[in-house]
Amino acid sequence: MADKVWLGDKLVEEADAKISVFDHCLLYGDGIFEGMRCYSGKVFRLKEHLDRLWDSAKALHLEIPMTREQVTDATYATLKANGHDDAYIRLVVTRGCGNLGLDLDRCKNPTVIIIAQGLSLYSDDLYVKGMKLVTASTLRMPSSSMNPRIKSCNYLNNILAKYEGTIAGCEEVLILNHQGNVAECSGDNIFIVKKGVLYTPATDSCLLEGITRAAVIEVAAELEIPFKERTITRHDVYISDECFLTGSAAEVIPVTSVDNRIIGSGVAGPITTKILAAYRKMVRQ
Ligand code: PMP
């Protein structure tokens, strides 16, 4: 639980952190967000998260009512007010209040919300034994409709896909794009390893360009693991030697079963384990 939440231009008690029913973020999912991590008092890759937030805002004609410096200060103020050195941070910018129509020119006052909480996502043993995935029948939205590079508050595509996994007893789902190739998962990017080479779907595969994805690509270079971005099919995933997901919350988490095909030896593989360890070191540097 967060005790204090940043709302608009100040910190308020959690019980008072409320927005209007006329905010288009509530009425239409019209808003943008970032999910970030703070490690030992420092927000990991804050600049990259703010770059992505500002890019999402630009694509949606949304004017963020604060400067990057103000958002940075507000983020650290929220962490401090809740006594967090290690936390998950949710940064949201809502479209603001309008009427019941869709006209965004009538929406005044986008609202910045910052929530900092302790994190408990996956258990430690899942980082060894790995997650099970199934392929969702819900496809990733094509970029011509709603570009997945925009991190918007409309996550219904992801929610519906993820629930298919829940029904199947899986923690995550493999999501395909309209070409039938692998895009990503409901809240994470995906990597595979084949014959010592690390692969991830290219950015034109309909995916969110994860900050963790970029950090893992850097980690792989430091570890001298050969890496390629390319089109990945489900078959490539089934026959991979290793598979793992990346995301700010999950960090680097192994996948050991996809659509009932055991991946590699059925536990976290050696390259995944190496990358996870190097990533965990990197975030605290
Ligand atoms: N893809 C989707 C759909 C996501 O929502 C996220 C973030 N939860 C990611 C990938 C991973 O992004 P990041 O590494 O920036 O957290």
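**A walk from Ser152 through the predicted model**

Q: Between which two elements is the loop that holds Ser152?
A: Quick caveat: this is a predicted model. In it, Ser152 sits in a loop rather than in a helix or strand, and that loop runs between β7 and α5.

Q: Does Ser152 count as buried or exposed?
A: The cut-off for buried is under 20% relative accessible area. Ser152 comes in at 6%, so this residue counts as buried.

Q: Which residue has the backbone nitrogen that the side chain of Ser152 reaches?
A: Setting aside neighbours within four places in sequence, Ser152 is in contact with Gly31, Ile32, Phe33, Leu60 and Met146. Its side chain also reaches a backbone nitrogen at 3.1 Å, and that nitrogen belongs to Asn154.

Q: How do the buried residues of α5 fall around its axis, on one face or scattered?
A: Helix α5 covers residues 156-167 and reaches 16 Å from its first C-alpha to its last, close to the 16 Å expected. Its buried residues are Asn157, Asn158, Ala161 and Gly165. Looking down the axis, these fall within an arc of 95 degrees, so they line one face.

Q: Which strands are among what covers the buried residues of α5?
A: The other side of α5 carries the exposed residues Leu156, Ile159, Leu160, Tyr163 and Ile167. Over the buried residues, the cover includes β7 (131-135) and β8 (172-176).

Q: Which residue with a positive phi follows α5?
A: The helix itself spans residues 156-167. After it comes a residue with a phi near 75 degrees, Gly169.

Q: Which helix gives the most to the largest nonpolar core?
A: That core has 41 residues, and Leu133, Ile275 and Tyr279 have the most contacts inside it. One helix, residues 270-283, puts in six residues, and that top contributor is α8.

Q: How many residues are in the second, separate core?
A: Besides the largest core, with its 41 residues, there is a separate one that includes Trp6, Val43, Val93 and Ile114. Val43 lies in strand β4 and is buried, with a relative accessible area of 2%. Its second-core company adds up to 24 residues.

Q: How far apart are the C-alpha atoms of Val43 and Leu174?
A: Val43 touches Met36, Arg37, Cys38, Thr75, Tyr76, Leu79 and Ile89, not counting residues up to four places away. Leu174, in turn, is among the residues in contact with Leu133. Val43 and Leu174 are 131 residues apart along the chain, and their C-alpha atoms are separated by 29 Å.

Q: Which residue has a side chain with an N or O atom 2.6 Å from a nitrogen atom of the ligand?
A: The ligand is surrounded by 18 residues, the closest being Tyr155, Glu184, Ile211, Thr212 and Ser248. Arg52 puts a polar side-chain atom 2.9 Å from a ligand oxygen, while Ile211 uses a backbone N or O atom at 2.8 Å from an oxygen. The side-chain partner at 2.6 Å from a ligand nitrogen is Glu184.

Q: What is the phi of Asn260, about?
A: Most residues other than glycine have a negative phi. Glu224 goes the other way with about 60 degrees; this residue is exposed at 71% relative accessibility, in the loop between α6 and β12. Asn260 is exposed too, at 74%, and lies in the loop between β14 and β15. Its phi is also positive, at about 70 degrees.

Notes: Residues are numbered from 1 along each chain as its sequence is written. This is a predicted model: local features need pLDDT of at least 70, side-chain atom pairs count only at pLDDT 80 or more; totals for chains, interfaces and linings use all residues. Side-chain values use heavy atoms; hydrogens and water are left out. A nonpolar core is a set of buried Ala, Val, Leu, Ile, Met, Phe, Trp, Tyr and Cys residues joined through side-chain atoms within 4.5 Å. Buried means under 20% relative accessible area, exposed over 50%, partly exposed in between (1.4 Å probe, protein chains only). Helices (H or I, at least four residues) and strands (E, at least two) are DSSP runs, numbered from the N terminus. Contact means heavy atoms within 4.5 Å. The expected span of a helix is 1.5 Å times one less than its number of residues. The arc is that of the directions from the helix axis to the C-beta atoms. A residue is near a molecule or strand if one of its heavy atoms lies within 4 Å of it. A polar contact is a pair of N or O atoms within 3.5 Å; within protein, one must be able to donate a hydrogen and the other to accept it, and residues adjacent in sequence count only if both atoms are side-chain atoms.
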